[in-house]
Protein chains: 2
Amino acid sequence: MTLTANDPSRKSWLNVPENSDFPIQNIPFGVFITKDDVITIGTRIGDYAIDLGALQQLNYFEGIELTDDMFMQDTLNDFISDGKKTWRLVRNRIADIFDINNPKLRDNEKQKEIVIFDIKDVEMQLPVLIGDYTDFYSSREHATNVGKMFRDPDNALLPNWLHIPVGYHGRSSTIVPSGIPVHRPKGQTLPPGETQPVFGPSKRVDFELEMAFITTDANIMGEPIPVNETEDHIFGMVLFNDWSARDIQKWEYVPLGPFLAKNFASSMSPWIVTLDALEPFRTAGPEQNDPKPLEYLQQTGEHAFDIKLQVGLAPENGEETIICNSNFKYMYWSMSQQLAHHTVNGCRVNSGDLMGSGTISGPTPDSFGSMLELTWGGQNPLKLNNGEERKFIEDGDTVIMRGYCQNDEVRIGFGEVSSKLLPPFSKK
Amino acid sequence: MTLTANDPSRKSWLNVPENSDFPIQNIPFGVFITKDDVITIGTRIGDYAIDLGALQQLNYFEGIELTDDMFMQDTLNDFISDGKKTWRLVRNRIADIFDINNPKLRDNEKQKEIVIFDIKDVEMQLPVLIGDYTDFYSSREHATNVGKMFRDPDNALLPNWLHIPVGYHGRSSTIVPSGIPVHRPKGQTLPPGETQPVFGPSKRVDFELEMAFITTDANIMGEPIPVNETEDHIFGMVLFNDWSARDIQKWEYVPLGPFLAKNFASSMSPWIVTLDALEPFRTAGPEQNDPKPLEYLQQTGEHAFDIKLQVGLAPENGEETIICNSNFKYMYWSMSQQLAHHTVNGCRVNSGDLMGSGTISGPTPDSFGSMLELTWGGQNPLKLNNGEERKFIEDGDTVIMRGYCQNDEVRIGFGEVSSKLLPPFSKK
């Protein structure tokens, strides 16, 4: 099917500010609550939120096979279950409805009032009910940095890392959309030099710059997804901040992996940008020749994506400092390889499952995707624009992640995931 | 509220075979499909499945605040959300309806035909939609055995183990009810003495004898549950077989924990036995004096439960051999401590979340809860009744776990979780 929605020459009759992440070529999917307290599935063009439930009721999706209430739901899971063909038909149709040359909705003031909202007047929700959340660990630079700090500087990468897209299961119940603040967690830590643990607020709260992809129902239990079919089962991507408590992690993670150090919160951007919209930004990933992956992980073609990523840190009532510039293309293992690996043992993947990339660190120190790496374990504090220093995240700090793709013709972006760290929870 | 449902002197007008796990004092909750293809929430007495949806429609729950379709659902999540007070009212009411001295349903043949099914005529389903699944590692004997085999025999327990109810996140999407067969997983392993991994079917498929508890909505994000309040948020328990592939696990698990070695399948018994029904079987757990747990894990009273556990292995078309006798009371960390620890960082716990105990090994070799321990890593094969030997589970083997509590007055059991290992998946 032609992705007419990707036509870079298309313009919309809705105003799109210069450098917007959301031109008519993007058409991401999300869920929002309107001023009238109605929850609906929607998309975004420029600074407008568009109610797809209302569009469906007004018959704008005629001819596309959809259940009657497909967009009048509080999650995208059912729509994602409908599969890639349907996603494409709907995305093409939306591009057509908002095309500058299409008068149907453009010239119908009454309908526009029902369908289109100022983005400031809606409240973005979690776009999917996340059944299972998996986090990978697929940036070679990140794994190397962590290995240098915590294990052996000369053998920083563990023996399995270049063979396996290492991953582990995370907690779905504490994934929240951008804008929801997060409490500093309490927990057990082992103070340096001590043998007995203590309990209290984490002293090393960190972010992890990640992206995540959202899957559709991909397989039955037992059935692997061949690596070359995996992209048919990836709906789209979001920005993802995998909040971490480094001191809790250090004490708890042997032998079964991170647990309370991670499951207090993860934050995601609310608009899912489809893999289709990212198509023009495919690029080659890092070479995988030494060693070559096992056959079930070998793929041809380009499966990395050139997505510029940025992290900002804003102290309470203070100006934001950009502390990291990275890129999704640095990932050693592609999303396809992650999904092929995840299912090679027959693990079932469902609509709405979320898979995080792991921290996306690049080759240069300013591209490291966590405070742990940026300050090298707290040894080299970061200087903020207001003169303050940071080893880790402090109460009142807001962490903002942004991401976008850009070529000569179009910019496709993710907006942002922004969340503030609050002091430890206390009962009112 | 008095737990009149626990009255040991009560008898039912439904026949209960001798040594049944399901006397009228049990009243577990489950979900089943009837011969007429209707899915409903139900309970079990003796060898009868009872349709609670039908009972509700016939007005048997009058006076208890329940939404109209509470039991006409395909999961127990909403009912569990209603909280302990409601669970108790319903359980007491069911005990009353089926009390030998209550003629209302007993003498109404027409209604009995709608409400009561032979257990052989219903198909048990997964009783809850499991949002998040956590697996703990709380048997000291199991952790010690694993430590001896894989790490250091002289320092088998890791330094954090006696301070932390160690746990990690598992995969919800592949939890299946008793009776569903499981395919042998394929994956990467590192053959002994080699430096390059190979791909193929696991050669060391194992069971893990576990129990699991199911929670209700327990907290808001950020809010810890104090250890002495945790039992209010535990609905009930099931038997749980956490299938494992030891060779895949060994190669993948450093540093982020088990992943594909576990997430191909876990099997659970279909009837959730309430914590209330287990009340008479409370007992003291192992002493925790050396070291004392940190304050947030300290509890008074008895929080272990005396539940006899058994594992049987039946080769294809062969007789079953009992290969393990253990007990839930051996767990070092109680469910209360597990839940208090899980939430101490503010991790949100929802209705239908499932938390596994970890392998339940006792002090004697015949009480070890996995083939890994029973055969000491394959060194001492088990002899089956038919003369065959087993180091790990072979294709066609069925693993059956059973559990029950018994005192002089009553036996409360879990039935069984039984599942067969199939050869690796192949596309038809």
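Colleague: How many salt bridges are there over all chains?
Modeller: The count is 48 over all chains, where a salt bridge is a side-chain nitrogen of Lys or Arg within 4 Å of a carboxyl oxygen of Asp or Glu. This is a predicted model, so local features need pLDDT of at least 70 and side-chain atom pairs count only at pLDDT 80 or more, while totals for chains, interfaces and linings use all residues. Residues are numbered from 1 along each chain as its sequence is written, chains are lettered from A and ligands numbered from 1 in the order in which they are written, and side-chain values use heavy atoms, with hydrogens and water left out.

Colleague: Which residue forms a salt bridge with A:Asp21?
Modeller: A:Arg411 does, with the closest N and O atoms 3.0 Å apart. The two belong to distant parts of the chain, 390 residues apart: A:Asp21 is in the segment before strand S1 (30-33) of chain A, and A:Arg411 is in strand S26 (residues 411-422) of chain A. Helices (H or I, at least four residues) and strands (E, at least two) are DSSP runs, numbered from the N terminus.

Colleague: Are A:Asp21 and A:Arg411 buried or exposed?
Modeller: Both are buried. Buried means under 20% relative accessible area, exposed over 50%, and partly exposed in between (1.4 Å probe, protein chains only).

Colleague: And in chain B, what does B:Glu316 pair with?
Modeller: The side chain of B:Glu316 meets that of B:Lys420 in a salt bridge, 2.4 Å from N to O. B:Glu316 sits in the loop between strand S20 (308-314) and strand S21 (321-327) of chain B, and B:Lys420 in strand S26 (residues 411-422) of chain B, so the pair ties together parts 104 residues apart in sequence. B:Glu316 is partly exposed at 44% relative accessibility, and B:Lys420 is partly exposed at 28%.

Colleague: New topic. What rotation superposes chain B on chain A?
Modeller: A rotation of 180°, with 0.0 Å of shift along its axis and an RMSD of 0.0 Å. The two copies are therefore related as by a two-fold rotation axis. In chain B, the C-alpha nearest the axis belongs to B:Gly257, 2.2 Å from it. The superposition is by least squares on the C-alpha atoms of residues with pLDDT of at least 70 in both copies.

Colleague: How many residues does each chain bring to the contact?
Modeller: Chain B brings 63 and chain A brings 62, contact meaning heavy atoms within 4.5 Å. Of the interface residues of chain B, 98% are also interface residues in chain A, so the copies meet through the same surface.

Colleague: What area do chain B and chain A bury between them?
Modeller: About 5700 Å², 63% of it on carbon and sulfur atoms. B:Arg171, B:Leu256 and B:Phe259 supply 14% of the area that chain B buries against chain A, more than any other three residues. Buried area is the accessible area (1.4 Å probe) that two parts lose on being put together, summed over both.

Colleague: How many salt bridges are there between chain B and chain A?
Modeller: There are 6 between these chains. In one of them, the side chains of B:Arg171 and A:Asp353 meet at 2.7 Å, N to O.

Colleague: Last one. Where is B:Asp132?
Modeller: B:Asp132 is in the loop between strand S5 (123-124) and S6 of chain B. B:Asp132 is buried, with a relative accessible area of 5%. A polar atom of its side chain lies 2.8 Å from the backbone nitrogen of A:Ser172, and one lies 2.9 Å from the backbone nitrogen of A:Ser173.

Terms used:
Polar contact = N/O pair within 3.5 Å; in protein donor to acceptor, adjacent residues only side chain to side chain.
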